[in-house]
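Please look over the sequence and the model shown below before reading on. The report that follows takes up the core, the symmetry and the pocket in turn.

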Protein chains: 2
Amino acid sequence: MTSTTLEYRDGDVRLKGILIQPEKRSTGSAIVLFPDARGVGAHAIECAGRLAALGYPTLVADLYGDGVLARDMAHAAELMHGLRGDVDRWRARARASLEALSRQDGVDRSRLAAIGYCFGGGTALELARSGAPLAAVVSFHGVLASPRPGDAANIKAKVLVCHGAADPLVPPAEVAAFEEEMGLSKVDWQLNAYGGAVHSFTNPEADNLGSPAFGYNKAADRRSWAAMLRLLKEAFA
Amino acid sequence: MTSTTLEYRDGDVRLKGILIQPEKRSTGSAIVLFPDARGVGAHAIECAGRLAALGYPTLVADLYGDGVLARDMAHAAELMHGLRGDVDRWRARARASLEALSRQDGVDRSRLAAIGYCFGGGTALELARSGAPLAAVVSFHGVLASPRPGDAANIKAKVLVCHGAADPLVPPAEVAAFEEEMGLSKVDWQLNAYGGAVHSFTNPEADNLGSPAFGYNKAADRRSWAAMLRLLKEAFA
């Protein structure tokens, strides 16, 4: 594997993602990975490395500019709300990352997937709602609400939502609204709810945050990772 | 594979299930399969055959007596309500099937799973709520409501619910109540919701019923079958 900093732009904003390439040339499929609200951090890079080891070139997207990593949760929230508050800007930022990936040698534009964690999961879904050419989208403990739920009609991707059933940041009402949104569309979607799992269930560092809302859940981490791999296999078959 | 009629009893009621044995002796794991409300029919036997081909001895349980297959939907409803109306009888009937399976040569009582379809999915869950020694339970488009939701505390099995998100027979409120029931317990549970799937989504014959509430869904059928196999592998590891 090789890991390089990939510089790209969204208008005037200079973005710095991390592109991890597998040893062997893949079949053209490639993945853009949207990190959680903190930005380009260790968990996202580690997950991208695991995907690259399986043969998928993976770009850890920079949503904020200059590859910034938030200092703390307050800073992360500030960065995140800066994008979530303007859906067009949010979508354009995500789209710039997908475009940067698709310009790489050997990447087939018909074999792209977007995955994401927490805010990044919501970003992957929002990118799909924008009508982006995606074969698959996977959200892990992601936000599900959209400012434009009607745009589900634009989704081309197969959608998999991996949701912690005890996640207080994505409460049952938000899940129900998402299922209703999807149900009104023709989207090929699935939602896996993992009992006992709270926010950030894929991230072992979540236990250090000292909040019952956040926590690692080994079973949910493994099951959701396996579910993602199956969907990618299906979407790229 | 060999398929034989297995006679067993629940008190005075003589039951006739179908036991399908793999060619090769398994590792001791075995599965009881509860059919849909119609009773011991072709879909259940076909699914049991696929499990046996993978090495799992599988008993298609008879819940009604004499291996009866309902004449029509009205008859199926009558048979089903006869059991659902008396939860102790319902659980005892399910338990008799599990006991009959566990008495077979080579079956390890610590490596038992129960799966079921529609009413049979609810039966597998109800058997788990009774405290039965099960390593895994999988419900496909099953009823989720229980007359004794508090008994979730007795569940020893890993639970997987494969649910059609558009199933009018298992509406969102029933799913929400189930998730709440499970959430109050320490059960290792998962619920996979499949977008667009209605009742009986695993059964190709469902399309012949001429009701929009019932229908086959190939993607949900394949995905739920794969999800079950992974849970069995995990539970029997």
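Which residues does B:Leu134 touch, not counting residues up to four places away in sequence? This is a predicted model, in which local features need pLDDT of at least 70 and side-chain atom pairs count only at pLDDT 80 or more, while totals for chains, interfaces and linings use all residues. Residues are numbered from 1 along each chain as its sequence is written, chains are lettered from A and ligands numbered from 1 in the order in which they are written, and side-chain values use heavy atoms, with hydrogens and water left out.

B:Leu134 touches B:Leu98, B:Leu112, B:Ala113, B:Ala114, B:Leu127, B:Ala128, B:Lys156 and B:Ala157, where contact means heavy atoms within 4.5 Å. Within the 98 residues of the largest nonpolar core, A:Leu134 and B:Leu134 touch the most other members; such a core is a set of buried Ala, Val, Leu, Ile, Met, Phe, Trp, Tyr and Cys residues joined through side-chain atoms within 4.5 Å, buried being under 20% relative accessible area with a 1.4 Å probe and protein chains only.

A turn of 180° with a shift of 0.0 Å along the axis lays chain B on chain A with an RMSD of 0.0 Å, superposed by least squares on the C-alpha atoms of residues with pLDDT of at least 70 in both. The two copies are therefore related as by a two-fold rotation axis. In chain B, the C-alpha of B:Asn192 is nearest the axis, 2.2 Å from it.

The lining of the largest pocket divides by residue class as follows.

| Class in the lining | Residues |
|---|---|
| nonpolar | 24 residues |
| polar | 10 residues |
| charged | six residues |

Here Ala, Val, Leu, Ile, Met, Phe, Trp, Tyr, Cys and Pro count as nonpolar, Asp, Glu, Lys and Arg as charged, and the others, Gly among them, as polar. A pocket is an open set of points on a 1 Å grid over the protein atoms alone where a 1.4 Å probe fits, with protein on both sides within 12 Å along at least five of seven lines, and its lining residues have an atom within 4 Å of a point.

Notes:
Buried means under 20% relative accessible area, exposed over 50%, partly exposed in between (1.4 Å probe, protein chains only).
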